[in-house]
Amino acid sequence: PPLPKRPRTKAQEQESAVVEAIVQLGHEPLKLPPRTPGKPWIKSQVRKRLNPPSPLFPSDNVLDKAWERLKKDGQLIEEGVSPKIDQRGTLAGEDS
């Protein structure tokens, strides 16, 4: 028999909300536009759309942590920025 679905964690729900907001704003999570110094970036638009504090994002810090988890896992990539490579030559977020 198929395994029962595990309920999604709050962290997974937060990450999904961030990715969904990026897509709704017309961007691809794996090809985020490069930052322009002195101009607001996509993250500020996502923050406005998700509007912390809310039940899913009680503070801006929670949104920032979800954003960092997505970056670390390779689910958010900014165009023109090299992915982080550790000392072993492994892409950040990859398990070896």
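At what angle do helix α1 and helix α2 pack, and how far apart are their axes? The legends below start with that pair, in what is a predicted model.

**View 1. Helix α1 packs against helix α2.** Here α1 covers residues 10-24 and α2 covers residues 42-50; the two pack at an angle of about 110 degrees, and their axes are 9 Å apart. Angles of 65 to 115 degrees count as roughly perpendicular, so that is the label for α1 and α2. On the α1 side, look for Ala17, Val18, Ala21, Ile22 and Gln24; α2 brings Val46, Arg49 and Leu50 to the contact. Sorted by class, this contact has six nonpolar residues, plus one polar and one charged.

**View 2. Helix α1 also crosses helix α3.** The axes of these two helices come within 9 Å, crossing at roughly 80 degrees. That crossing makes α1 roughly perpendicular to α3 as well. From α1, the contact uses Ala11, Gln14, Glu15, Val18, Val19 and Ile22, while α3 answers with Val62, Leu63, Ala66, Trp67, Arg69 and Leu70. The class tally for α1 with α3 reads nine nonpolar, one polar and two charged residues.

**View 3. The largest nonpolar core has 15 residues.** Which of them touch the most other members? They are Val18, Ile22, Leu32, Val46, Leu50, Phe57 and Trp67. Helices α1, α2 and α3 (60-72) each put at least two residues into this core. Zoom in on Val46 and, once its neighbours within four places in sequence are set aside, you find it in contact with Val18, Ala21, Ile22, Leu25 and Trp67.

**View 4. The loop between α2 and α3 holds Asn51 and Pro53.** Asn51 has a phi near 50 degrees, which is a positive value in a residue other than glycine. Is Asn51 buried or exposed? With a relative accessible area of 53%, Asn51 is exposed; the cut-off for that label is over 50%. In the same close-up, check the peptide bond from Pro52 to Pro53: this one is cis, with omega near 0 degrees.

**View 5. Lys71 sits in helix α3.** Its relative accessibility is 36%, so Lys71 counts as partly exposed. Not counting residues up to four places away in sequence, Lys71 touches Arg35 and Leu76. Pro29 is worth finding here too: Lys71 and Pro29 are 42 residues apart in sequence, yet their C-alpha atoms are 9.6 Å apart in space.

**View 6. Zooming back out, the protein has three helices and zero strands.** Follow the sequence along and the pattern is α-α-α. How much of the protein counts as buried? The figure is 23% of its 96 residues. The accessible surface comes to about 7,200 Å², and carbon and sulfur atoms own 54% of that area. As for contacts with a separation of 6 or more, 58% of them join residues 24 or more positions apart.

Notes:
Residues are numbered from 1 along each chain as its sequence is written. This is a predicted model: local features need pLDDT of at least 70, side-chain atom pairs count only at pLDDT 80 or more; totals for chains, interfaces and linings use all residues. Side-chain values use heavy atoms; hydrogens and water are left out. Axes are lines fitted to C-alpha atoms, for helices over the stretch in contact, and angles run from 0 to 180 degrees between N-to-C directions. Helices (H or I, at least four residues) and strands (E, at least two) are DSSP runs, numbered from the N terminus. Angles under 35 degrees count as roughly parallel, over 145 as roughly antiparallel, 65 to 115 as roughly perpendicular and the rest as oblique. Contact means heavy atoms within 4.5 Å. Ala, Val, Leu, Ile, Met, Phe, Trp, Tyr, Cys and Pro count as nonpolar, Asp, Glu, Lys and Arg as charged, and the others, Gly among them, as polar. A nonpolar core is a set of buried Ala, Val, Leu, Ile, Met, Phe, Trp, Tyr and Cys residues joined through side-chain atoms within 4.5 Å. Buried means under 20% relative accessible area, exposed over 50%, partly exposed in between (1.4 Å probe, protein chains only). Accessible areas come from the Shrake-Rupley method with a 1.4 Å probe; for residues, only the protein chains shown count as cover.
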